[in-house]
Amino acid sequence: MKIKIDIISGFLGAGKTTLIKEMISQNLYNEKVVIIENEFGEVGIDGELIRESGLEIKEINSGCICCSLTQDFEKSIEEIIEKINPGRIIIEPSGVGKLSEIIKACKSERLEDLIQINMLITVVDVERFCLYISNFGEFFEDQIKNAKTILLSRTNNTAKEEIELVTREIQKINSKGNIVSTPWQELKLNTIVSLAEKNTINPINKKVKNIRVIKEKVRKSNSHKVFESWGLETPRIFTKNKIEKIVREFNISEEYGNILRAKGIVEIQDNRWIQFNYVPGDIQIAEALPNYNGKVSIIGTELNKDKLNKIFHDI
């Protein structure tokens with residue numbers, strides 16, 4: 001029997017990791033699951049956040065699943081199947097990866113007898129649709145065009161007229177995909193999974209078994225011609241106010257470059273940890289579980305890495 005492949009795509013900060021965590025927390029799967037976590041840049045954050053759900057993480061750095069795929073990706077899939085034998089593999093590509101290229105890799109001759117593509121979901125941030133489609137159409141449109149299900153995020157704080165506008169624009173790009181605009185908190189995710197799988201019977205009351213997270217880091221990618229990344233791992237102790245001040249600077253100043261995504265897990269005073277997430281116009285800071293080291297990852301264009309180094313090191 002072929003292993004199911006679910007691909008959860010979406011541009012930077014759309015909510016892919018949140019969706020996967022919700023799927024796991026709502027006990028949608030009764031089989032053994034492997035999650036392949038693909039990061040753009042040298043410092044991985046999302047895998048650490050998924051690990052907070054109690055999942056096991058195994059890092060592998062052999063290839064890229066977002067672009068010019070080599071035999072490394074195929075070999076990784078073969079090893080996963082041989083050593084773990086999962087019932088399902090969930091792939092979370094980098095936010096700046098092309099969904100079409102990931103699909104192509106999964107359909108390679110070497111893997112065609114081992115896996116079958118099941119769900120193709122793209123998460124679209126409705127609040128930033130116009131920004132991203134105007135500036136990064138090649139990557140953004142590719143993720144929408146090749147999805148079978150488009151899940152709109154942040155609809156709970158968006159006017160109905162704006163949601164309808166975005167829906168019409170998405171339909172111009174992908175006329176066949178199912179578009180889900182209902183706020184996530186109003187839906188049970190098994191409804192989305194059933195839609196994405198074209199399956200009306202999908203029991204939810206089953207326990208997740210032996211989930212693992214496998215992280216892949218982008219090495220050579222067409223994305224690097226457009227996007228840049230900067231990151232650091234640090235044992236420094238910050239303050240919540242200082243982190244908030246830094247992240248707010250990204251929103252009002254261009255001296256650090258055009259920052260599209262900033263995220264991190266850092267230690268603050270009194271042995272506490274926080275995680276922060278930034279996309280243009282939205283800053284979220286929350287308490288987090290302790291990590292072995294502080295991590296910060298930033299993605300954007302024309303990044304001023306010297307100033308980023310300075311602002312994080314001069315605390």
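**Close-up views of a predicted model**

**Figure 1. Helices α9 and α10 pack through nonpolar side chains of I243, I246 and F250 in α9, which meet L308, I311 and F312 in α10.** Contact here means heavy atoms within 4.5 Å, and helices (H or I, at least four residues) and strands (E, at least two) are DSSP runs, numbered from the N terminus. The model is a predicted one, in which local features need pLDDT of at least 70 and side-chain atom pairs count only at pLDDT 80 or more, while totals for chains, interfaces and linings use all residues. Residues are numbered from 1 along each chain as its sequence is written, and side-chain values use heavy atoms, with hydrogens and water left out. Helix α9 spans residues 240–252 and helix α10 residues 305–313; their axes come within 11 Å and cross at roughly 160°. Axes are lines fitted to C-alpha atoms, for helices over the stretch in contact, and angles run from 0 to 180 degrees between N-to-C directions. The two helices α9 and α10 are therefore roughly antiparallel, a term for angles over 145 degrees. The crossing of α9 and α10 is right-handed, that is, the near helix is turned clockwise from the far one by less than a right angle.

**Figure 2. I7, F11 and I89 touch the most other members of the largest nonpolar core, a set of 41 residues.** A nonpolar core is a set of buried Ala, Val, Leu, Ile, Met, Phe, Trp, Tyr and Cys residues joined through side-chain atoms within 4.5 Å. Buried means under 20% relative accessible area, exposed over 50% and partly exposed in between (1.4 Å probe, protein chains only). Helix α4, residues 99–106, gives the most to the largest core, with five residues. Apart from neighbours within four places in sequence, I7 is in contact with I91, P93, L99, I102, I103, C106, M119, L120 and I121. A second, separate core holds 21 residues, including L232, I268, F276 and F312.

**Figure 3. Helix α4 is mostly covered, with six of its eight residues buried.** The buried residues of α4 are L99, E101, I102, I103, A105 and C106. K107 lies in the loop between α4 and β5. In contrast to those buried residues, K107 counts as exposed because its relative accessibility is 59%. K107 and I117 are 10 residues apart in sequence, and their C-alpha atoms are 8.2 Å apart in space.

**Figure 4. Helix α6, residues 137–145, has G137, F139, F140, D142, Q143 and I144 buried.** Among the elements that cover the buried residues of α6 are the strands β1 (3–10), β5 (115–125) and β6 (149–153). The cover of α6 also includes the helices α4, α5 (129–135) and α7 (160–173).

**Figure 5. N85 and N271 are loop residues with positive phi.** N85 has a phi of about 50° although it is not a glycine, and its loop runs between α3 (71–83) and β4 (88–92). With a relative accessibility of 52%, N85 counts as exposed. N271, likewise not a glycine, has a phi of about 60°. The loop that holds N271 joins β11 (258–268) and β12 (272–279). N271 is exposed, with a relative accessible area of 66%.

**Figure 6. The whole chain has 10 helices and 14 strands.** Of its 315 residues, 55% count as buried. Among contacts between residues at least 6 apart in sequence, 81% join residues at least 24 apart.

Definitions and conventions: Parallel < 35°, antiparallel > 145°, perpendicular 65-115°, else oblique.
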